Amino acid sequence: MALDVGVLASYKKIDETYIDGLLQKEIAANHKKIVVLDDDPTGVQTVHDISVYTNWEKDSIRQGFEEENDLFYVLTNSRGFTVEQTTKAHHEIAAVVDEVAKETGKEYIFISRSDSTLRGHFPLETELLKGDYEKNTGKTIDGEILCPFFKEGGRFTIDNVHYVKYGDELVPANETEFAKDKTFGYSAETMPEYVEEKTKGAYKAGDVTCISLEDIHNMDIDKMEQQLLAVKDFNKVIVNAVDYADVKVFCVALYRAMAKGKVFMFRTAAAIVKVMGGVSDQPLLTRGQMVVKETSNGGIVVVGSHTDKTTKQVECLKELSDIEFIELDATLVKDDAAFEAEVQRCLSAEEACIKAGKTVCCYTTRALITADTGDKEDELRLSVKISDAVQSLVGRLSITPSFVIAKGGITSSDVGTKALAVKKANVLGQIRPGIPVWQTGEESKFPMTPYIIFPGNVGEITTLKEAVEVLMNK
(Lines give C-alpha, C1' and ligand atoms only; values in the text may rest on other atoms or scores of the structure.)
Protein backbone atom coordinates (compact mmCIF):
# COMPACT_ATOMS: atom_id res chain seq x y z
CA MET A 1 0.00 0.00 0.00
CA ALA A 2 1.31 3.46 -0.90
CA LEU A 3 2.10 6.00 1.80
CA ASP A 4 1.82 9.77 1.73
CA VAL A 5 5.27 11.34 1.45
CA GLY A 6 4.40 13.39 4.56
CA VAL A 7 5.11 10.32 6.68
CA LEU A 8 8.84 11.01 6.27
CA ALA A 9 8.54 14.22 8.28
CA SER A 10 6.78 12.43 11.14
CA TYR A 11 9.88 10.60 12.34
CA LYS A 12 11.83 11.89 15.30
CA LYS A 13 14.88 13.89 14.32
CA ILE A 14 18.28 12.57 15.33
CA ASP A 15 21.07 14.72 16.80
CA GLU A 16 23.26 14.32 13.74
CA THR A 17 26.20 16.29 15.12
CA TYR A 18 26.43 13.88 18.06
CA ILE A 19 26.16 10.84 15.80
CA ASP A 20 28.77 12.26 13.39
CA GLY A 21 31.21 12.46 16.29
CA LEU A 22 30.61 8.82 17.27
CA LEU A 23 30.82 7.64 13.68
CA GLN A 24 34.09 9.43 12.92
CA LYS A 25 35.72 7.66 15.87
CA GLU A 26 34.56 4.28 14.59
CA ILE A 27 35.68 5.02 11.03
CA ALA A 28 39.11 6.17 12.26
CA ALA A 29 39.54 2.90 14.19
CA ASN A 30 38.68 0.81 11.12
CA HIS A 31 41.73 0.19 8.97
CA LYS A 32 40.11 -1.98 6.33
CA LYS A 33 39.98 -0.80 2.72
CA ILE A 34 36.42 -0.65 1.38
CA VAL A 35 36.28 -2.09 -2.13
CA VAL A 36 32.98 -1.16 -3.78
CA LEU A 37 31.98 -3.35 -6.71
CA ASP A 38 29.49 -1.33 -8.72
CA ASP A 39 27.17 -3.17 -11.08
CA ASP A 40 26.62 -0.01 -13.12
CA PRO A 41 28.30 3.44 -13.12
CA THR A 42 25.52 5.21 -11.24
CA GLY A 43 26.75 3.95 -7.86
CA VAL A 44 29.06 6.92 -7.33
CA GLN A 45 25.96 9.11 -7.08
CA THR A 46 26.56 10.01 -3.41
CA VAL A 47 30.33 10.64 -3.27
CA HIS A 48 32.96 13.09 -4.49
CA ASP A 49 36.74 13.08 -4.90
CA ILE A 50 36.72 9.29 -5.03
CA SER A 51 38.34 7.13 -7.72
CA VAL A 52 36.44 4.71 -9.91
CA TYR A 53 38.34 2.10 -11.92
CA THR A 54 36.69 0.58 -14.97
CA ASN A 55 38.80 -2.59 -14.92
CA TRP A 56 40.16 -4.98 -12.31
CA GLU A 57 43.69 -5.35 -13.57
CA LYS A 58 46.21 -5.74 -10.76
CA ASP A 59 47.77 -2.29 -11.31
CA SER A 60 44.36 -0.61 -10.99
CA ILE A 61 43.47 -2.49 -7.79
CA ARG A 62 46.89 -1.70 -6.35
CA GLN A 63 46.35 2.01 -7.06
CA GLY A 64 43.04 1.78 -5.20
CA PHE A 65 44.66 0.15 -2.18
CA GLU A 66 47.47 2.71 -2.11
CA GLU A 67 45.15 5.75 -2.17
CA GLU A 68 44.60 7.69 1.03
CA ASN A 69 40.83 7.38 0.67
CA ASP A 70 39.14 4.66 2.71
CA LEU A 71 37.30 3.42 -0.36
CA PHE A 72 37.44 3.09 -4.12
CA TYR A 73 35.05 1.80 -6.76
CA VAL A 74 35.50 -0.94 -9.32
CA LEU A 75 32.95 -0.71 -12.12
CA THR A 76 31.85 -4.25 -12.99
CA ASN A 77 28.80 -3.29 -15.11
CA SER A 78 27.48 -6.71 -14.12
CA ARG A 79 23.83 -5.67 -14.28
CA GLY A 80 24.32 -5.96 -18.03
CA PHE A 81 26.03 -9.37 -17.71
CA THR A 82 24.71 -12.90 -18.05
CA VAL A 83 25.01 -15.23 -15.04
CA GLU A 84 28.10 -16.80 -16.62
CA GLN A 85 29.76 -13.43 -17.26
CA THR A 86 29.18 -12.05 -13.76
CA THR A 87 30.36 -15.31 -12.19
CA LYS A 88 33.64 -15.10 -14.10
CA ALA A 89 34.11 -11.40 -13.30
CA HIS A 90 33.48 -11.79 -9.57
CA HIS A 91 35.90 -14.70 -9.25
CA GLU A 92 38.55 -12.63 -11.05
CA ILE A 93 37.96 -9.56 -8.87
CA ALA A 94 37.97 -11.53 -5.62
CA ALA A 95 41.30 -13.12 -6.56
CA VAL A 96 43.12 -9.93 -7.55
CA VAL A 97 41.77 -7.92 -4.58
CA ASP A 98 42.98 -10.57 -2.16
CA GLU A 99 46.36 -10.79 -3.87
CA VAL A 100 46.90 -7.01 -3.63
CA ALA A 101 45.59 -6.93 -0.05
CA LYS A 102 48.18 -9.50 1.01
CA GLU A 103 50.97 -7.68 -0.82
CA THR A 104 50.04 -4.33 0.77
CA GLY A 105 49.28 -5.82 4.20
CA LYS A 106 45.76 -4.40 4.29
CA GLU A 107 42.47 -6.04 5.15
CA TYR A 108 39.40 -5.29 3.07
CA ILE A 109 35.61 -5.23 2.99
CA PHE A 110 33.49 -5.87 -0.11
CA ILE A 111 30.41 -3.75 -0.79
CA SER A 112 28.32 -5.00 -3.70
CA ARG A 113 26.63 -1.75 -4.75
CA SER A 114 23.53 -2.32 -6.79
CA ASP A 115 20.16 -0.89 -7.73
CA SER A 116 18.08 1.00 -5.16
CA THR A 117 14.97 -0.56 -6.71
CA LEU A 118 16.33 -4.06 -5.97
CA ARG A 119 17.27 -5.25 -9.46
CA GLY A 120 20.49 -7.09 -10.26
CA HIS A 121 22.23 -10.44 -9.80
CA PHE A 122 21.21 -11.05 -6.17
CA PRO A 123 22.00 -13.32 -4.36
CA LEU A 124 24.51 -14.65 -6.89
CA GLU A 125 27.13 -11.91 -6.68
CA THR A 126 27.46 -11.73 -2.91
CA GLU A 127 27.46 -15.52 -2.65
CA LEU A 128 30.37 -15.64 -5.10
CA LEU A 129 32.26 -12.99 -3.13
CA LYS A 130 31.55 -14.75 0.16
CA GLY A 131 32.89 -18.07 -1.09
CA ASP A 132 36.08 -16.56 -2.49
CA TYR A 133 36.67 -14.24 0.49
CA GLU A 134 36.35 -17.12 2.94
CA LYS A 135 38.65 -19.32 0.86
CA ASN A 136 41.23 -16.56 0.41
CA THR A 137 41.28 -15.16 3.96
CA GLY A 138 40.27 -18.11 6.12
CA LYS A 139 37.63 -15.92 7.78
CA THR A 140 33.91 -16.69 7.94
CA ILE A 141 31.41 -14.05 6.82
CA ASP A 142 28.70 -13.98 9.47
CA GLY A 143 25.97 -12.08 7.64
CA GLU A 144 24.92 -9.90 4.74
CA ILE A 145 23.72 -6.31 5.16
CA LEU A 146 20.95 -5.14 2.81
CA CYS A 147 20.48 -1.36 2.80
CA PRO A 148 18.61 -0.14 -0.32
CA PHE A 149 17.93 3.33 1.17
CA PHE A 150 18.90 6.11 -1.26
CA LYS A 151 17.50 9.50 -0.31
CA GLU A 152 18.61 11.33 -3.46
CA GLY A 153 16.59 8.92 -5.59
CA GLY A 154 13.56 8.88 -3.30
CA ARG A 155 14.11 5.35 -1.91
CA PHE A 156 13.09 4.75 1.70
CA THR A 157 12.74 1.59 3.81
CA ILE A 158 9.96 1.73 6.43
CA ASP A 159 8.71 -1.21 8.53
CA ASN A 160 10.77 -3.52 6.29
CA VAL A 161 8.97 -2.35 3.13
CA HIS A 162 11.13 -0.59 0.54
CA TYR A 163 9.43 2.40 -1.12
CA VAL A 164 10.01 4.43 -4.28
CA LYS A 165 8.89 8.07 -4.27
CA TYR A 166 6.53 9.12 -7.05
CA GLY A 167 5.46 12.74 -6.58
CA ASP A 168 3.65 12.93 -3.23
CA GLU A 169 3.42 9.17 -2.80
CA LEU A 170 5.74 6.44 -1.56
CA VAL A 171 4.95 3.31 -3.58
CA PRO A 172 6.16 -0.14 -2.45
CA ALA A 173 8.97 -1.16 -4.79
CA ASN A 174 7.18 -4.39 -5.73
CA GLU A 175 4.32 -2.31 -7.20
CA THR A 176 6.61 -0.26 -9.48
CA GLU A 177 7.74 -0.81 -13.06
CA PHE A 178 11.17 -1.83 -11.72
CA ALA A 179 9.77 -4.97 -10.08
CA LYS A 180 8.45 -6.03 -13.50
CA ASP A 181 11.98 -6.02 -14.98
CA LYS A 182 12.20 -8.88 -17.49
CA THR A 183 15.56 -10.05 -16.17
CA PHE A 184 15.51 -9.11 -12.47
CA GLY A 185 11.82 -8.86 -11.53
CA TYR A 186 10.32 -9.81 -8.15
CA SER A 187 6.96 -9.82 -6.37
CA ALA A 188 7.71 -9.70 -2.61
CA GLU A 189 6.50 -6.63 -0.74
CA THR A 190 8.67 -6.80 2.39
CA MET A 191 12.45 -7.02 2.38
CA PRO A 192 12.51 -10.31 4.37
CA GLU A 193 10.11 -11.80 1.80
CA TYR A 194 12.31 -10.43 -0.98
CA VAL A 195 15.27 -12.28 0.55
CA GLU A 196 13.30 -15.53 0.68
CA GLU A 197 12.01 -15.08 -2.88
CA LYS A 198 15.38 -14.24 -4.39
CA THR A 199 17.26 -17.00 -2.53
CA LYS A 200 14.52 -19.50 -3.49
CA GLY A 201 13.90 -20.29 0.16
CA ALA A 202 17.54 -20.86 1.14
CA TYR A 203 17.18 -17.93 3.58
CA LYS A 204 13.79 -17.69 5.25
CA ALA A 205 11.99 -14.39 5.84
CA GLY A 206 11.58 -15.33 9.51
CA ASP A 207 15.35 -15.62 9.99
CA VAL A 208 16.14 -12.12 8.67
CA THR A 209 17.39 -9.60 11.26
CA CYS A 210 15.60 -6.26 10.90
CA ILE A 211 17.08 -3.01 12.22
CA SER A 212 14.00 -0.95 13.06
CA LEU A 213 13.46 2.78 12.68
CA GLU A 214 12.22 2.83 16.28
CA ASP A 215 15.56 1.56 17.60
CA ILE A 216 17.48 3.87 15.26
CA HIS A 217 15.53 6.97 16.31
CA ASN A 218 15.84 6.00 19.98
CA MET A 219 19.58 5.71 19.26
CA ASP A 220 19.60 2.29 20.88
CA ILE A 221 23.03 1.53 19.47
CA ASP A 222 23.77 -1.18 22.03
CA LYS A 223 20.65 -3.13 21.01
CA MET A 224 21.56 -2.92 17.31
CA GLU A 225 25.10 -4.00 18.07
CA GLN A 226 23.78 -7.04 19.94
CA GLN A 227 21.52 -7.88 16.99
CA LEU A 228 24.54 -7.77 14.68
CA LEU A 229 26.70 -9.82 17.05
CA ALA A 230 24.03 -12.54 17.00
CA VAL A 231 23.95 -12.85 13.19
CA LYS A 232 25.49 -16.06 11.84
CA ASP A 233 25.38 -18.48 8.89
CA PHE A 234 25.36 -15.63 6.33
CA ASN A 235 21.85 -14.64 7.39
CA LYS A 236 20.56 -11.31 6.16
CA VAL A 237 20.22 -7.95 7.94
CA ILE A 238 17.69 -5.37 6.69
CA VAL A 239 18.34 -1.72 7.51
CA ASN A 240 15.27 0.52 7.70
CA ALA A 241 16.07 4.17 6.94
CA VAL A 242 14.34 7.41 5.94
CA ASP A 243 17.33 9.74 6.23
CA TYR A 244 21.12 9.70 6.20
CA ALA A 245 21.19 10.15 9.98
CA ASP A 246 19.47 6.75 10.31
CA VAL A 247 22.24 5.06 8.33
CA LYS A 248 24.87 6.84 10.43
CA VAL A 249 23.34 5.51 13.67
CA PHE A 250 23.29 2.00 12.22
CA CYS A 251 26.90 2.30 11.03
CA VAL A 252 28.11 3.15 14.55
CA ALA A 253 26.62 -0.16 15.72
CA LEU A 254 27.98 -1.90 12.62
CA TYR A 255 31.55 -0.71 13.11
CA ARG A 256 31.42 -1.68 16.79
CA ALA A 257 30.24 -5.17 15.91
CA MET A 258 32.98 -5.49 13.28
CA ALA A 259 35.58 -4.32 15.82
CA LYS A 260 34.51 -7.29 17.97
CA GLY A 261 35.26 -9.68 15.13
CA LYS A 262 32.03 -9.89 13.15
CA VAL A 263 32.48 -10.04 9.38
CA PHE A 264 29.79 -8.86 6.97
CA MET A 265 29.11 -8.77 3.25
CA PHE A 266 27.14 -5.83 1.87
CA ARG A 267 24.49 -5.60 -0.85
CA THR A 268 23.39 -1.98 -0.85
CA ALA A 269 22.37 1.11 -2.74
CA ALA A 270 24.69 4.12 -2.86
CA ALA A 271 23.89 5.88 0.44
CA ILE A 272 25.58 3.57 2.96
CA VAL A 273 28.82 3.67 0.93
CA LYS A 274 29.05 7.41 1.55
CA VAL A 275 28.39 6.93 5.27
CA MET A 276 30.81 4.03 5.78
CA GLY A 277 33.51 5.91 3.88
CA GLY A 278 33.00 9.12 5.85
CA VAL A 279 32.49 11.14 2.64
CA SER A 280 31.40 14.71 3.41
CA ASP A 281 28.44 16.55 1.93
CA GLN A 282 29.12 18.84 -1.02
CA PRO A 283 26.95 21.34 -2.94
CA LEU A 284 25.75 20.45 -6.43
CA LEU A 285 28.33 21.12 -9.14
CA THR A 286 28.38 24.28 -11.26
CA ARG A 287 29.26 24.40 -14.96
CA GLY A 288 32.61 25.99 -14.14
CA GLN A 289 33.56 23.05 -11.93
CA MET A 290 32.71 20.55 -14.66
CA VAL A 291 33.71 22.13 -17.98
CA VAL A 292 37.42 22.83 -17.57
CA LYS A 293 38.21 22.90 -21.32
CA GLU A 294 36.06 25.51 -23.02
CA THR A 295 34.96 24.74 -26.58
CA SER A 296 32.52 26.12 -29.13
CA ASN A 297 31.25 22.59 -29.82
CA GLY A 298 27.88 21.40 -28.60
CA GLY A 299 27.35 18.64 -26.06
CA ILE A 300 25.77 15.23 -26.50
CA VAL A 301 23.04 13.40 -24.58
CA VAL A 302 22.54 9.69 -25.34
CA VAL A 303 19.51 7.87 -23.98
CA GLY A 304 19.17 4.10 -23.77
CA SER A 305 17.01 3.61 -20.68
CA HIS A 306 13.40 2.58 -21.31
CA THR A 307 11.91 3.38 -17.92
CA ASP A 308 8.75 5.44 -17.96
CA LYS A 309 10.58 8.12 -15.98
CA THR A 310 13.29 8.41 -18.65
CA THR A 311 10.73 8.73 -21.45
CA LYS A 312 8.99 11.58 -19.61
CA GLN A 313 12.32 13.27 -18.88
CA VAL A 314 13.23 13.19 -22.60
CA GLU A 315 9.83 14.70 -23.47
CA CYS A 316 10.48 17.49 -20.95
CA LEU A 317 13.95 18.07 -22.45
CA LYS A 318 12.23 18.81 -25.78
CA GLU A 319 11.00 22.06 -24.24
CA LEU A 320 14.52 23.42 -24.84
CA SER A 321 14.46 24.88 -28.35
CA ASP A 322 18.21 24.87 -28.95
CA ILE A 323 18.66 21.08 -28.78
CA GLU A 324 18.52 18.79 -31.81
CA PHE A 325 16.76 15.42 -31.26
CA ILE A 326 17.74 12.30 -33.21
CA GLU A 327 15.85 9.03 -32.79
CA LEU A 328 17.73 5.75 -33.29
CA ASP A 329 15.29 3.17 -34.65
CA ALA A 330 16.01 0.25 -32.31
CA THR A 331 13.32 -1.90 -33.96
CA LEU A 332 15.96 -2.65 -36.65
CA VAL A 333 18.24 -4.41 -34.13
CA LYS A 334 17.52 -7.93 -35.43
CA ASP A 335 18.72 -6.95 -38.96
CA ASP A 336 22.47 -6.30 -38.66
CA ALA A 337 22.90 -4.42 -41.96
CA ALA A 338 19.85 -2.21 -41.52
CA PHE A 339 20.79 -1.46 -37.91
CA GLU A 340 24.34 -0.44 -38.87
CA ALA A 341 22.99 1.88 -41.58
CA GLU A 342 20.69 3.46 -38.99
CA VAL A 343 23.59 4.02 -36.59
CA GLN A 344 25.58 5.68 -39.39
CA ARG A 345 22.66 7.99 -40.20
CA CYS A 346 22.42 9.13 -36.58
CA LEU A 347 26.19 9.55 -36.26
CA SER A 348 26.40 11.83 -39.32
CA ALA A 349 23.53 13.98 -38.07
CA GLU A 350 24.91 14.38 -34.57
CA GLU A 351 28.44 15.24 -35.79
CA ALA A 352 27.05 18.05 -37.91
CA CYS A 353 25.12 19.43 -34.93
CA ILE A 354 28.00 19.27 -32.45
CA LYS A 355 30.37 20.92 -34.93
CA ALA A 356 27.84 23.73 -35.42
CA GLY A 357 27.83 24.35 -31.65
CA LYS A 358 24.44 22.74 -31.07
CA THR A 359 23.77 20.20 -28.33
CA VAL A 360 22.21 16.99 -29.58
CA CYS A 361 20.08 14.32 -27.88
CA CYS A 362 20.18 10.82 -29.41
CA TYR A 363 17.59 8.43 -28.02
CA THR A 364 16.39 4.96 -28.88
CA THR A 365 12.85 4.17 -30.00
CA ARG A 366 10.75 4.19 -26.85
CA ALA A 367 9.05 0.87 -27.67
CA LEU A 368 10.54 -2.08 -25.79
CA ILE A 369 12.24 -4.57 -28.12
CA THR A 370 11.69 -8.19 -27.06
CA ALA A 371 13.38 -11.43 -28.08
CA ASP A 372 11.35 -13.88 -30.15
CA THR A 373 12.36 -16.72 -27.79
CA GLY A 374 11.04 -15.10 -24.60
CA ASP A 375 14.28 -16.18 -22.85
CA LYS A 376 15.57 -13.76 -20.17
CA GLU A 377 19.19 -13.98 -21.26
CA ASP A 378 18.21 -13.45 -24.91
CA GLU A 379 16.37 -10.31 -23.79
CA LEU A 380 19.52 -9.14 -22.02
CA ARG A 381 21.66 -9.80 -25.12
CA LEU A 382 19.31 -7.70 -27.26
CA SER A 383 19.50 -4.89 -24.71
CA VAL A 384 23.28 -5.08 -24.79
CA LYS A 385 23.31 -4.95 -28.62
CA ILE A 386 21.15 -1.81 -28.59
CA SER A 387 23.30 -0.28 -25.86
CA ASP A 388 26.41 -1.02 -27.90
CA ALA A 389 24.90 0.93 -30.79
CA VAL A 390 24.03 3.82 -28.47
CA GLN A 391 27.54 4.00 -27.02
CA SER A 392 29.00 3.98 -30.52
CA LEU A 393 27.19 7.27 -31.13
CA VAL A 394 29.78 8.70 -28.72
CA GLY A 395 32.66 6.31 -29.37
CA ARG A 396 32.71 6.90 -33.12
CA LEU A 397 32.60 10.70 -32.88
CA SER A 398 35.50 12.42 -34.65
CA ILE A 399 34.84 15.69 -32.81
CA THR A 400 35.09 16.40 -29.07
CA PRO A 401 31.77 17.46 -27.48
CA SER A 402 31.73 19.98 -24.65
CA PHE A 403 30.07 17.40 -22.38
CA VAL A 404 28.61 13.91 -22.51
CA ILE A 405 25.43 12.75 -20.72
CA ALA A 406 24.41 9.09 -20.81
CA LYS A 407 20.97 8.07 -19.60
CA GLY A 408 20.50 4.55 -18.24
CA GLY A 409 22.67 2.02 -16.38
CA ILE A 410 23.92 -0.27 -19.16
CA THR A 411 24.16 2.69 -21.54
CA SER A 412 26.24 4.80 -19.17
CA SER A 413 28.62 1.93 -18.44
CA ASP A 414 29.19 1.25 -22.13
CA VAL A 415 29.70 4.95 -22.87
CA GLY A 416 32.22 5.25 -20.03
CA THR A 417 34.24 2.12 -20.72
CA LYS A 418 33.85 1.48 -24.46
CA ALA A 419 33.07 4.85 -26.04
CA LEU A 420 35.18 7.09 -23.80
CA ALA A 421 37.73 4.35 -22.96
CA VAL A 422 38.01 5.56 -19.36
CA LYS A 423 40.28 3.41 -17.15
CA LYS A 424 40.24 5.64 -14.09
CA ALA A 425 37.98 8.59 -13.40
CA ASN A 426 37.67 11.06 -10.57
CA VAL A 427 34.15 11.51 -9.26
CA LEU A 428 33.70 15.31 -9.15
CA GLY A 429 30.35 15.12 -7.36
CA GLN A 430 26.75 15.46 -8.50
CA ILE A 431 25.09 17.81 -11.02
CA ARG A 432 21.70 17.06 -9.46
CA PRO A 433 20.90 14.84 -6.44
CA GLY A 434 21.85 11.27 -7.27
CA ILE A 435 23.36 12.12 -10.68
CA PRO A 436 27.16 11.75 -10.64
CA VAL A 437 29.79 13.43 -12.78
CA TRP A 438 33.06 11.82 -13.77
CA GLN A 439 36.06 13.79 -14.91
CA THR A 440 37.62 11.60 -17.58
CA GLY A 441 41.31 10.70 -17.33
CA GLU A 442 44.15 11.55 -19.71
CA GLU A 443 43.94 8.08 -21.25
CA SER A 444 40.33 8.54 -22.35
CA LYS A 445 38.98 9.42 -25.82
CA PHE A 446 38.03 12.93 -24.65
CA PRO A 447 40.38 13.80 -21.73
CA MET A 448 39.10 16.09 -18.96
CA THR A 449 35.59 16.16 -20.41
CA PRO A 450 32.69 16.05 -17.95
CA TYR A 451 30.81 12.78 -18.22
CA ILE A 452 27.38 12.86 -16.56
CA ILE A 453 25.99 9.46 -15.61
CA PHE A 454 22.22 9.82 -15.42
CA PRO A 455 20.43 6.77 -13.96
CA GLY A 456 17.27 5.67 -15.75
CA ASN A 457 15.27 5.64 -12.53
CA VAL A 458 16.38 8.85 -10.78
CA GLY A 459 15.12 12.42 -10.69
CA GLU A 460 11.90 14.26 -11.33
CA ILE A 461 10.43 14.78 -14.81
CA THR A 462 12.33 18.08 -15.14
CA THR A 463 15.73 16.84 -13.87
CA LEU A 464 17.32 15.91 -17.21
CA LYS A 465 16.32 19.29 -18.63
CA GLU A 466 17.77 21.06 -15.56
CA ALA A 467 21.09 19.19 -15.88
CA VAL A 468 21.43 20.08 -19.56
CA GLU A 469 20.62 23.72 -18.80
CA VAL A 470 23.42 23.84 -16.20
CA LEU A 471 25.92 22.53 -18.76
CA MET A 472 24.75 24.78 -21.62
CA ASN A 473 24.55 27.98 -19.56
CA LYS A 474 27.91 29.60 -20.32
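In this predicted model, strand 5, which spans residues 108–113, is largely enclosed by the rest of the structure, because six of its six residues are buried. The side chains of this strand are divided between two directions, with Tyr108, Phe110 and Ser112 pointing one way and Ile109, Ile111 and Arg113 pointing the other way, and all of them are buried. Strands of a sheet pair through backbone hydrogen bonds, and the pairing may be either parallel or antiparallel. For strand 5, a parallel arrangement is found with strand 2 (residues 33–38), to which strand 5 is joined by six bridges. Within this pairing, arginine 113 of strand 5 is the bridge partner of aspartate 38. Strand 5 also runs parallel to strand 12 (residues 264–268), and here three bridges make the connection, with isoleucine 111 standing opposite phenylalanine 266 of strand 12.

An antiparallel arrangement is seen elsewhere, in an open sheet of four strands whose order is 1-9-8-7. The edges of this sheet are taken by strand 1 and by strand 7 (155–158), each of which has a single partner strand, so that one side of each is left without a neighbour in the sheet. Strand 1 (residues 3–4) is joined by two bridges to strand 9 (residues 169–172), and the two run antiparallel; in this pairing, aspartate 4 has glutamate 169 of strand 9 as its bridge partner. Strand 9 is in turn paired with strand 8 (residues 161–166) over four bridges, again in the antiparallel sense, and tyrosine 163 stands opposite proline 172 of strand 9. Strands 8 and 9 form a hairpin with two residues between them, and in the turn glycine 167 has a positive phi of about 60 degrees.

Side chains of opposite charge can pair when their charged atoms come close. Over the whole structure, a search finds 40 salt bridges. One of these is formed by glutamate 26 and arginine 256, whose closest N and O atoms are 3.1 Å apart. Since glutamate 26 lies in helix 1 (residues 16–29) and arginine 256 in helix 8 (residues 244–259), the pair ties together parts of the chain that are 230 residues apart in sequence. Glutamate 26 counts as buried, because its relative accessibility is 17%, whereas arginine 256, at 23% relative accessibility, counts as partly exposed.

Another salt bridge connects lysine 165 with glutamate 460, the closest N and O atoms being 3.7 Å apart. This pair links distant parts of the chain, as lysine 165 belongs to strand 8 and glutamate 460 to the loop between strand 19 (450–454) and helix 15 (463–472), with their positions 295 residues apart in sequence. Lysine 165 counts as partly exposed at 25% relative accessibility, and glutamate 460 also falls in the partly exposed class, at 45% relative accessibility.

A salt bridge within a helix is provided by glutamate 134 and lysine 130, whose side chains meet at 3.1 Å, N to O. These residues are four positions apart in helix 4 and are therefore separated by about one helical turn. Lysine 130 is buried, with a relative accessible area of 19%. Helix 4 (residues 124–137) also contains glycine 131, which counts as partly exposed because its relative accessibility is 35%. Glycine 131 and histidine 91 are 40 residues apart in sequence, and their C-alpha atoms are 9.3 Å apart in space.

Salt bridges are also joined into a network, in which Asp38, Asp39, Asp40, Arg79, Arg113, Asp115, Arg119 and Asp181 are linked. Two members of this network, Asp38 and Arg113, are the residues described above as bridge partners in the pairing of strands 2 and 5.

On the surface, a patch of negative charge is formed where Glu175, Glu189, Glu193, Glu196, Glu197 and Asp207 gather. Of these residues, aspartate 207 is placed in the loop between helix 5 (191–198) and strand 10 (209–211). Aspartate 207 counts as partly exposed, because its relative accessibility is 45%.

Methods. Residues are numbered from 1 along each chain as its sequence is written. This is a predicted model: local features need pLDDT of at least 70, side-chain atom pairs count only at pLDDT 80 or more; totals for chains, interfaces and linings use all residues. Side-chain values use heavy atoms; hydrogens and water are left out. Patches are made of residues with over 30% relative accessible area and no salt bridge: like charges are joined within 9 Å, nonpolar side chains (Val, Leu, Ile, Met, Phe, Trp, Tyr) within 5 Å. Accessible areas come from the Shrake-Rupley method with a 1.4 Å probe; for residues, only the protein chains shown count as cover. A salt bridge is a side-chain nitrogen of Lys or Arg within 4 Å of a carboxyl oxygen of Asp or Glu. Lys and Arg count as positive and Asp and Glu as negative; His and the chain ends are not counted. The place of a charge is taken as NZ of Lys, CZ of Arg, CG of Asp or CD of Glu. Buried means under 20% relative accessible area, exposed over 50%, partly exposed in between (1.4 Å probe, protein chains only). Two strands pair if DSSP finds at least two bridges between them.
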